[in-house]
Amino acid sequence: MVLLSKSSGEIKIKHLIKRARPFSEPFRITKGKSFRLKDIDPGDTLHLQSEDKPRAKEVLAMGVQLLAELQEMLYAQDRWSVLIVLQAMDAAGKDSTIKHIMSGVNPQGCQVHSFKAPSEEELDHDYLWRSMRALPTRGNMGIFNRSYYEETLVVRVHQEFLAKQKLPQRLITKNIWKERFEDIRNFESYLTRNGIVVRKFFLHVSKEEQERRFIERIENPEKNWKFSASDIKERAYWDDYMKAYEDMIRNTATKEAPWYVVPADNKWFTRLVVAAAIIDALDSLGLHYPIVGKQKLEELEEARKTLLTEKENGKKSKNKT
Ligand code: ATP
Ligand code: MG
């Protein structure tokens with residue numbers, strides 16, 4: 001299925017982009033000040049019911065195809081790049097969201113980077129160092145599966161991680177989180193001004209749904225590998241994490257680098273919202289294939305003639321034999 005084949009394809013794309021928007025808009029936070037996590041229900045599916053699931057899956061399939069078309073233009077144009085930041089509690093569906101949304105995208109133009117606890121080498125640098133090195137290059141999409149935001153989440157909830165960062169003692173004050181938010185806001189402004197478009201997603205799963213998914217991971221042998229004992233340990237800090245997430249969003253949601261707080265108790269809905277938001281981001285760039293200049297058109301014409309002559313000559317010599 002090719003959506004952008006002929007000129008009518010462009011109309012179809014515009015139509016699909018318009019249809020996608022209502023799925024992401026309600027969850028976009030551009031001003032954090034008044035944001036409260038409890039205003040977002042992890043079970044929300046907007047007007048869609050569970051019987052709409054098959055239809056939603058069809059719409060998602062179209063969205064994935066559209067995303068692939070837009071990504072190809074992004075790559076061909078080779079100017080903008082897009083950074084997608086995914087944050088969530090364990091089992092909220094980060095991995096499967098990446099797998100589904102990016103299933104149509106050309107792997108050459110998209111890189112996923114997973115951030116785990118920092119290595120010795122990483123701890124020897126400032127905390128943005130490892131992120132800087134993993135940023136998407138021009139024309140590419142980059143996905144951060146966890147990110148520098150962990151510096152205001154796990155590091156805040158477990159302050160022993162902060163102690164490992166070898167910061168000079170006098171720089172560790174009660175203002176450290178406020179300062180990190182400020183630095184991250186500045187970092188994202190810097191990226192934006194360099195043509196790297198930043199979109200951030202918090203997949204908001206409920207504690208009950210996390211429990212259900214953990215039990216499934218324990219009981220289903222094919223899912224055992226996904227479960228780690230440390231996941232249960234982190235779950236015990238649920239309220240601290242929720243406070244840290246809320247504060248993070250309040251302090252780092254901006255117009256240029258918005259947060260999407262995505263209801264994550266229904267995976268099919270999560271994927272729809274994330275796909276719609278990325279489509280919206282790509283649409284905002286006014287992408288198009290590079291416009292071919294006069295000289296290039298002449299070159300193409302010349303090449304066409306050469307190939308046609310070769311073909312003709314080939315036919316003639318075949319007829320002779
Ligand atoms: P995930 O939990 O993202 O699905 P995973 O289970 O494959 O991935 P883990 O070994 O759990 O991988 O690695 C992710 C862990 O790394 C998370 O618990 C996260 O909090 C931790 N982490 C990420 N960044 C940092 C950081 N800057 N400092 C300390 N811990 C971090
Ligand atoms: Mg984990």
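1. Let's start with the second largest pocket, which holds about 330 Å³ of space. It has 17 lining residues, and the ones closest to its centre are Asp 126, Tyr 127, Gln 165, Leu 167 and Arg 180. Keep in mind as you look around that this is a predicted model.

2. Where does the lining of the second largest pocket come from? Two elements, α4 (120-123) and α8 (176-193), each give two or more residues to it. Of these, α8 provides the largest share, with four residues. If you sort the lining of this pocket by class, you get seven nonpolar, two polar and eight charged residues.

3. Now move to the largest pocket, with about 1,300 Å³ of space. Its lining is made of 45 residues, and Asp 90, Ala 91, Lys 94, Arg 146 and Asp 231 are the closest to its centre. Several helices give two or more residues to this lining: α3 (94-101), α6 (154-157), α9 (207-219), α10 (229-235), α11 (238-252) and α12 (267-283). Try colouring them one by one on your screen.

4. Which element gives the largest share of the lining of the largest pocket? That would be α9, with six residues. By class, the lining of the largest pocket splits into 23 charged, 14 nonpolar and eight polar residues.

5. The largest pocket is also where ligand 1 sits. Around ligand 1 you'll find 13 residues, the closest being Asp 90, Lys 94, Lys 116, Arg 146 and Glu 151. Some of these names should ring a bell: Asp 90, Lys 94 and Arg 146 are also among the residues closest to the centre of the pocket.

6. What classes of residue make up the shell around ligand 1? Seven of the residues are charged and six are nonpolar, while no polar ones turn up.

7. Here are some individual contacts of ligand 1 to look for. A polar atom in the side chain of Lys 94 is 2.7 Å from one of the ligand's oxygen atoms. With Ala 117 it's the backbone that matters: a polar backbone atom of this residue is 3.2 Å from an oxygen atom of ligand 1. For Glu 151, an N or O atom of the side chain lies 2.9 Å from a nitrogen atom of the ligand. As for cover, ligand 1 on its own has 620 Å² of accessible area, and the protein covers 72% of that.

8. Next come the enclosed spaces. How many cavities of 30 Å³ or more does the structure hold? There are three of them. The largest cavity contains about 120 Å³ of space, and the second largest about 50 Å³.

9. Go to the largest cavity and pick out its lining: Leu 16, Arg 19, Ala 20, Phe 23, Val 59, Leu 60, Met 62, Gly 63, Leu 272, Ala 275, Ala 276 and Ile 279. Three helices, α1 (7-24), α2 (53-77) and α12, supply at least two residues each. The class count for this lining is ten nonpolar, one polar and one charged.

10. The second largest cavity has Ile 84, Leu 86, Thr 97, Ile 98, Ile 101, Met 102, Ile 143, Val 274 and Ile 278 in its lining. The elements giving two or more residues here are β2 (81-88), α3 and α12. With three residues, α3 gives the most. By class, the lining of this cavity has eight nonpolar residues, one polar and no charged ones.

11. One last thing to trace is α12. This helix gives two or more residues to the lining of the largest pocket, supplies at least two to the lining of the largest cavity, and gives two or more to the lining of the second largest cavity.

Note on methods
Residues numbered from 1 in each chain as written. Chains lettered and ligands numbered in written order. Predicted model: local features only at pLDDT ≥ 70, side-chain atom pairs only at ≥ 80, totals over all residues. Heavy atoms only, no water. Near = heavy atom within 4 Å. Polar contact = N/O pair within 3.5 Å; in protein donor to acceptor, adjacent residues only side chain to side chain. Areas by Shrake-Rupley, 256 points an atom, 1.4 Å probe, with all protein chains shown as cover. 1 Å grid on protein atoms, 1.4 Å probe; cavity = no way out; pocket = protein on both sides within 12 Å on 5 of 7 lines; lining within 4 Å. Sits in = over half its atoms within 2 Å of the grid points. Nonpolar A, V, L, I, M, F, W, Y, C, P; charged D, E, K, R; others polar. Points joined across faces, edges and corners; volume = space filled by probe spheres on them.
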